[in-house]
Amino acid sequence: MTKTLLAIRHVGFEDLGGFEGPLAEAGFAIRYADMGVDAVADFDDPDLLVVLGGPIGVYEDDLYPWLKDEIAYIAARLKAQKPTLGICLGAQLMARALGARVYPGPAKEIGWKPLSLAQGDIGLLAPLGDHPVLHWHGDTFDLPDGAVLLASTDICRNQAFALGRHGLAFQFHPEASDQGFERWLIGHACEIAATPGVTVTGLRADTARLASAAIAKGQQVLRDWLAQL
């Protein structure tokens with residue numbers, strides 16, 4: 001039986017990426033909703049909600065008023081314990097929907113680096129423990145009440161959390177692959193240029209070298225999470 005998936009997208013090139021294949025294989029019919037174009041009032045109630053990344057701040061609802069409706073939608077879903085996955089901005093939106101504070105971090109974290117796993121080689125994120133993943137954020141969040149910390153880095157303590165079995169949030173990008181990554185380099189050109197030590201050529205080279213193995217590990221984490229829903 002086909003299951004429904006709504007992916008909330010905030011910028012065109014940050015889509016489901018390497019997660020799209022495993023989600024389709026798991027029987028999900030995927031539909032995107034583009035914030036700033038689609039209205040939250042028109043969203044359905046899917047079997048799985050995925051909230052994707054983007055370059056704005058959760059706290060910028062004075063500039064982007066629709067953020068209030070999006071947060072309320074996510075909050076209602078989490079309260080009902082319906083399966084919800086957040087990536088980067090999506091993780092921050094989940095944290096805010098759960099009542100946690102979201103704010104600028106101590107520094108931008110852009111590029112490939114490994115995680116420190118809170119549950120080591122026995123936790124959900126174990127497949128990612130021995131390989132760098134892609135980070136691309138400047139904001140961070142406090143760990144929501146009731147959530148379990150899954151991963152950290154030296155710059156960002158709260159890199160991933162689980163909420164029961166129904167909620168999973170990644171501050172990093174386990175869905176990122178080398179296919180389509182050039183769009184990221186174009187779309188984030190201004191941010192790359194403004195961040196010391198980060199370059200287009202460096203990100204391109206690291207992604208070509210690391211993304212293939214990273215996406216396979218990220219897909220395994222996704223499959224393991226879907227299996228326990």
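Me: Helices (H or I, at least four residues) and strands (E, at least two) are DSSP runs, numbered from the N terminus. With that in hand, what comes right after α3, and what is the sign of its phi?

Reply: That would be Gly 99, and its phi is positive, near 95 degrees. Before we go on, this is a predicted model, where local features need pLDDT of at least 70 and side-chain atom pairs count only at pLDDT 80 or more, while totals for chains, interfaces and linings use all residues. Residues are numbered from 1 along each chain as its sequence is written, and side-chain values use heavy atoms, leaving out hydrogens and water.

Me: How many of the residues of α3 are buried?

Reply: Buried means under 20% relative accessible area, exposed over 50%, and partly exposed in between (1.4 Å probe, protein chains only). In α3, 8 of the 9 residues are buried, so the helix is largely enclosed by the rest of the structure. The buried ones are Leu 89, Gly 90, Ala 91, Gln 92, Leu 93, Met 94, Ala 95 and Ala 97.

Me: Can we try that on single residues? Is Ile 215 buried or exposed?

Reply: Ile 215 sits in helix α6, and it counts as buried because its relative accessible area is 11%. Try tracing it to Asp 178: the two are 37 residues apart in sequence, and their C-alpha atoms are 9.0 Å apart in space. Ile 215 has buried company in α6, including Leu 203, Thr 207, Leu 210, Trp 225 and Leu 226.

Me: And what about Val 148: how does its relative accessible area class it?

Reply: Val 148, which belongs to strand β8, is partly exposed because its relative accessible area is 41%. From Val 148 to Ala 216 you cross 68 residues in sequence and 24 Å in space, C-alpha to C-alpha.

Me: On to the sheet. In what order do the strands run?

Reply: Two strands pair if DSSP finds at least two bridges between them. Here you get an open sheet of 8 strands with mixed pairing, in the order β2-β1-β3-β4-β10-β9-β8-β6. At its edges are β2 (28-34) and β6 (116-117), each pairing on one side only.

Me: Let's zoom in on β4. Which way does it pair with β3 and with β10?

Reply: With β3 the sense is parallel, over 3 bridges, and Leu 49 has Thr 84 in β4 as its bridge partner. Strand β4 (residues 84-87) also pairs in the parallel sense with strand β10 (residues 167-170), over 4 bridges. Look there for Gly 86, which stands opposite Ala 169 in β10.

Me: Where do the β4 residues point?

Reply: In a regular strand the side chains alternate between the two faces of the sheet. In β4, Thr 84 and Gly 86 point one way, Leu 85 and Ile 87 point the other way, and all are buried.

Me: Last one: which members of the largest nonpolar core touch the most others?

Reply: A nonpolar core is a set of buried Ala, Val, Leu, Ile, Met, Phe, Trp, Tyr and Cys residues joined through side-chain atoms within 4.5 Å. The largest one has 29 residues, and Leu 5, Leu 23, Leu 48, Leu 85, Leu 125, Phe 170 and Phe 172 touch the most other members. At least two residues of this core come from each of β1 (3-9), β3 (48-51), β4, β8 (148-152), β9 (160-163), β10 and α6. Helix α6 gives the most, with 5 residues.
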